[in-house]
Number of protein chains: 4
Amino acid sequence: MAEDRNDKKTAIAATAVRLFTERGFHGTPTSLIAREAGVSNGTLFHYFPTKEELINFAYYEIKSRMAGEIGGGVEEERTDREKMWRMWRNAILWGVDHPDEYLFVQQFCSSPFIRKLPPEEILKNAPAAFEVLAGTIEKSCLKGMPIEVAFSVICSPIDAVVRSIVNSDGDLDRDRLIDTSFGIVWRGLTGE
Amino acid sequence: MAEDRNDKKTAIAATAVRLFTERGFHGTPTSLIAREAGVSNGTLFHYFPTKEELINFAYYEIKSRMAGEIGGGVEEERTDREKMWRMWRNAILWGVDHPDEYLFVQQFCSSPFIRKLPPEEILKNAPAAFEVLAGTIEKSCLKGMPIEVAFSVICSPIDAVVRSIVNSDGDLDRDRLIDTSFGIVWRGLTGE
Amino acid sequence: MAEDRNDKKTAIAATAVRLFTERGFHGTPTSLIAREAGVSNGTLFHYFPTKEELINFAYYEIKSRMAGEIGGGVEEERTDREKMWRMWRNAILWGVDHPDEYLFVQQFCSSPFIRKLPPEEILKNAPAAFEVLAGTIEKSCLKGMPIEVAFSVICSPIDAVVRSIVNSDGDLDRDRLIDTSFGIVWRGLTGE
Amino acid sequence: MAEDRNDKKTAIAATAVRLFTERGFHGTPTSLIAREAGVSNGTLFHYFPTKEELINFAYYEIKSRMAGEIGGGVEEERTDREKMWRMWRNAILWGVDHPDEYLFVQQFCSSPFIRKLPPEEILKNAPAAFEVLAGTIEKSCLKGMPIEVAFSVICSPIDAVVRSIVNSDGDLDRDRLIDTSFGIVWRGLTGE
DNA sequence: AATGAATGAGCTTTCATTCAT
DNA sequence: AATGAATGAAAGCTCATTCAT
């Protein structure tokens with residue numbers, strides 16, 4: 001029973017994520033989400049009182065899953081460079097492996113919806129990675145800059161890399177692109 | 001008469017850009033655009049047969065204005081570093097000075113509309129800057145990567161910087177952020 | 001519940017038929033149909049996804065009801081003359097008794113909508129009457145003509161009679177007009 | 001100059017007739033008529049203050065041309081039968097030769113527009129043919145029926161024949177169909 | 001919990017008509 | 001006489017949301 005409940009809610013959220021990324025928020029009617037999730041129109045609104053709450057729920061779900069995977073294996077690395085490289089690589093690979101979710105999150109972040117969320121929420125979900133990154137920034141020429149500004153400047157190439165790989169037909173050398181892009185940022189920051 | 005015509009068309013396009021960035025494509029009814037532009041509903045469709053054409057028109061207009069300004073003064077600089085720095089600065093300042101237009105272009109680029117445009121068009125509009133950038137890439141560790149991939153990876157921090165400045169309350173040191181972000185990328189690419 | 005459903009759908013279709021004949025397809029907005037049927041605008045589109053489907057549905061409904069009544073009592077008549085007279089009379093009386101439906105069907109047949117329907121469908125619905133008519137034609141001077149051509153030539157006065165009666169103020173001798181018009185066609189065909 | 005005027009008015013009316021029959025009254029915007037007639041939108045409304053007046057004008061134009069041709073050669077025939085046969089043939093051939101105009105007139109007659117015209121107008125335009133027909137009716141079993149009722153009942157096969165020929169792919173024996181249909185009606189009326 | 005019929009505000013787009021030039 | 005930009009009232013249709021069952 002509890003599983004049924006979760007099943008339906010999960011089915012709706014998963015379907016929503018897929019359709020939102022395929023067609024955009026506004027291009028995806030709730031009725032279509034319900035139909036493709038195999039539930040009735042009313043059931044969707046039983047679990048998510050408004051469309052906006054469905055969007056938010058899907059966003060948080062994905063974001064926390066993503067944050068968990070980005071931090072995976074970071075602590076096992078020794079040097080800061082290796083820790084941050086691991087994170088860099090994790091982030092890109094997650095985006096490449098979950099293009100739907102990835103694009104959904106990006107879409108969410110650049111839509112009017114984001115303004116309704118407390119901004120600090122967005123960085124908090126990846127604690128391990130956050131520490132490493134913050135430490136690196138403090139030793140770099142970005143020292144003193146607001147942390148979220150430095151963070152977004154440094155990490156912005158991740159997004160470019162993910163999109164490039166996703167849009168390519170598989171003929172792009174992923175590993176080289178990941179390492180090269182990381183190398184540029186790391187050398188830029190530290191001189192090493 | 002010719003001015004009247006341009007006036008109305010221009011008024012519609014400008015109003016559209018403002019509202020689109022404030023509320024998104026789908027959140028902005030054509031009726032609202034018309035009302036705020038001070039014309040009738042029918043007049044909007046007299047100049048732009050569909051909403052999509054209005055969006056495209058606005059995009060091209062802005063894109064070409066932006067490209068022109070990004071290339072401004074590049075040729076007067078001597079070294080490659082200075083040329084590219086000039087471009088970097090121009091791009092960021094344009095985004096900061098025209099936040100509506102800037103966000104509109106970004107929104108356009110990550111929406112389904114972009115797929116209907118020939119992809120080569122998007123880079124062509126800034127020829128001078130394009131040359132410098134391409135030259136720099138060829139001498140860097142990105143050598144051999146598809147040009148548009150290298151391009152987007154390198155320029156991605158520009159977007160992060162613009163957004164940071166626009167979202168800040170003016171208490172951010174623009175010049176330092178521009179120079180620092182450029183410094184990171186340049187050192188990352190060239191080791192200098 | 002099943003009745004409710006039928007009630008609403010039926011109410012919409014009946015209202016549509018009335019308004020279409022009074023004002024034409026194009027002169028009848030869906031909003032008016034909904035209002036006069038006592039349902040909301042959305043409900044109409046819940047049952048009929050497009051206006052065209054509403055028109056088609058109404059047409060098929062009426063056509064099959066009409067065909068059933070035209071064939072009524074034909075088999076109980078003995079001679080061919082009596083069978084065909086019965087059919088002739090039935091057809092005219094149906095048109096006179098259901099002027100809305102009758103004019104609607106005529107309007108439908110001379111509109112672009114009809115072209116989307118398989119043409120053989122139109123004759124098939126009155127099998128008994130069809131047999132008699134076909135037999136009569138084969139013995140007449142129309143022998144060898146395409147059946148639907150002969151059919152339409154012979155039956156065309158039915159339409160004229162219906163319209164005359166409907167447009168008159170009730171001071172027309174119906175029975176005489178029915179018998180006379182039939183007599184002309186029968187004598188014209190058979191010489192009897 | 002006077003010719004210019006007529007030219008434009010005529011061009012508009014002729015274009016209107018063609019488009020109305022191809023697409024229906026409601027399916028033909030005035031702007032399309034103007035464009036295809038090679039005049040501006042405003043010019044159309046200069047000559048025809050409303051769309052309805054344009055429709056009426058076109059109807060009268062065609063109707064009088066048609067009536068003239070239907071009566072052609074009738075007086076040269078000797079017997080009543082021959083006169084009426086000539087008229088019958090003329091009517092059908094005109095419809096077949098001018099399918100656009102013919103269908104336009106039919107469309108007009110079965111549309112709401114017709115109710116705004118004085119009904120006697122419709123028969124008056126073919127005086128010679130009218131006389132013969134009236135005489136024949138008076139000698140037939142239709143004697144005493146209102147003239148326009150008798151008229152429409154008798155002439156209804158003309159419409160069926162025209163439509164059959166127009167819709168056929170040219171593989172219909174026109175002359176036989178004309179003669180046969182006339183024969184049925186004439187024999188039905190007179191017993192000859 | 002689950003359904004899906006019902007709602008009605010709102011959307012993009014059309015088009016007969018007007019009017020300044 | 002001729003133009004065509006401008007108008008704004010509809011039109012068909014969508015969709016988030018409600019509610020009786």
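**Figure 1. The interface of chain C and chain D in the predicted model.** Chain C and chain D bury about 2600 Å² between them. Carbon and sulfur atoms account for 68% of that area. On the side of chain C, M145(C), I184(C) and R187(C) lose the most area to chain D. Together these residues make up 21% of what that side buries. In terms of contacts, 31 residues of chain C meet 29 residues of chain D.

**Figure 2. Polar pairs and helices where chain C touches chain D.** Six residue pairs are in polar contact across this interface, both partners at pLDDT 80 or more. The salt-bridge count between chain C and chain D is zero. Three helices of chain C each supply at least two residues of the side that touches chain D: helix 1 (2–23), helix 9 (147–167) and helix 10 (174–190). Helix 10 of chain C gives the most, with 10 residues. By class, this side of chain C has 14 nonpolar, 11 polar and six charged residues.

**Figure 3. The protein surface near DNA strand F.** There are 31 residues around DNA strand F. T30(A), T43(B), Y47(B), H46(D) and Y47(D) come nearest. The surface near DNA strand F divides into eight nonpolar, 19 polar and four charged residues. Helix 2 (30–37) and helix 3 (41–47) of chain A each supply at least two of these residues, as do helix 2 (30–37) and helix 3 (41–47) of chain C. Helix 3 (41–47) of chain B and helix 3 (41–47) of chain D also each supply at least two. The largest share, five residues, comes from helix 3 of chain D.

**Figure 4. Contacts to phosphate oxygens of DNA strand F.** Of the atoms of DNA strand F within 4 Å of the protein, 71% belong to sugar or phosphate. The rest belong to bases. A backbone N or O atom of T30(A) lies 2.4 Å from a phosphate oxygen of this strand. For T30(C), a polar backbone atom is 2.8 Å from a phosphate oxygen of DNA strand F. Y47(D) uses its side chain: a polar atom there lies 2.4 Å from a phosphate oxygen of DNA strand F.

**Figure 5. The protein surface near DNA strand E.** DNA strand E is surrounded by 29 residues. The closest are H46(A), Y47(A), T43(C), Y47(C) and T30(D). Sugar and phosphate account for 70% of the atoms of DNA strand E that come within 4 Å of the protein. By class, the residues of this surface are eight nonpolar, 17 polar and four charged. Helix 3 of chain A, of chain B, of chain C and of chain D each supply at least two residues. Helix 3 of chain A gives the most, with five residues.

**Figure 6. Base and phosphate contacts on DNA strand E.** A polar backbone atom of G42(A) is 2.9 Å from a base nitrogen of DNA strand E. K8(A) has a polar side-chain atom 3.4 Å from a phosphate oxygen of this strand. A backbone N or O atom of S40(C) lies 3.1 Å from a phosphate oxygen of DNA strand E.

**Figure 7. W85(A) and its contacts in chain A.** W85(A) lies in helix 5 (residues 80–97) of chain A. Its relative accessible area is 23%, so W85(A) counts as partly exposed. Leaving aside neighbours within four places in sequence, W85(A) is in contact with D179(A) and F182(A). W85(A) and I178(A) are 93 residues apart in sequence. In space, these two residues are 9.0 Å apart, C-alpha to C-alpha.

Key
Residues numbered from 1 in each chain as written. Chains lettered and ligands numbered in written order. Heavy atoms only, no water. Contact = heavy atoms within 4.5 Å. Buried area = accessible area lost by both parts, 1.4 Å probe. Salt bridge = Lys/Arg side-chain N within 4 Å of Asp/Glu carboxyl O. Polar contact = N/O pair within 3.5 Å; in protein donor to acceptor, adjacent residues only side chain to side chain. Helix = DSSP H or I, 4+ residues; strand = E, 2+ residues; numbered from the N terminus. Nonpolar A, V, L, I, M, F, W, Y, C, P; charged D, E, K, R; others polar. Near = heavy atom within 4 Å. Buried < 20%, exposed > 50% of the residue type's maximum accessible area, 1.4 Å probe, protein only.
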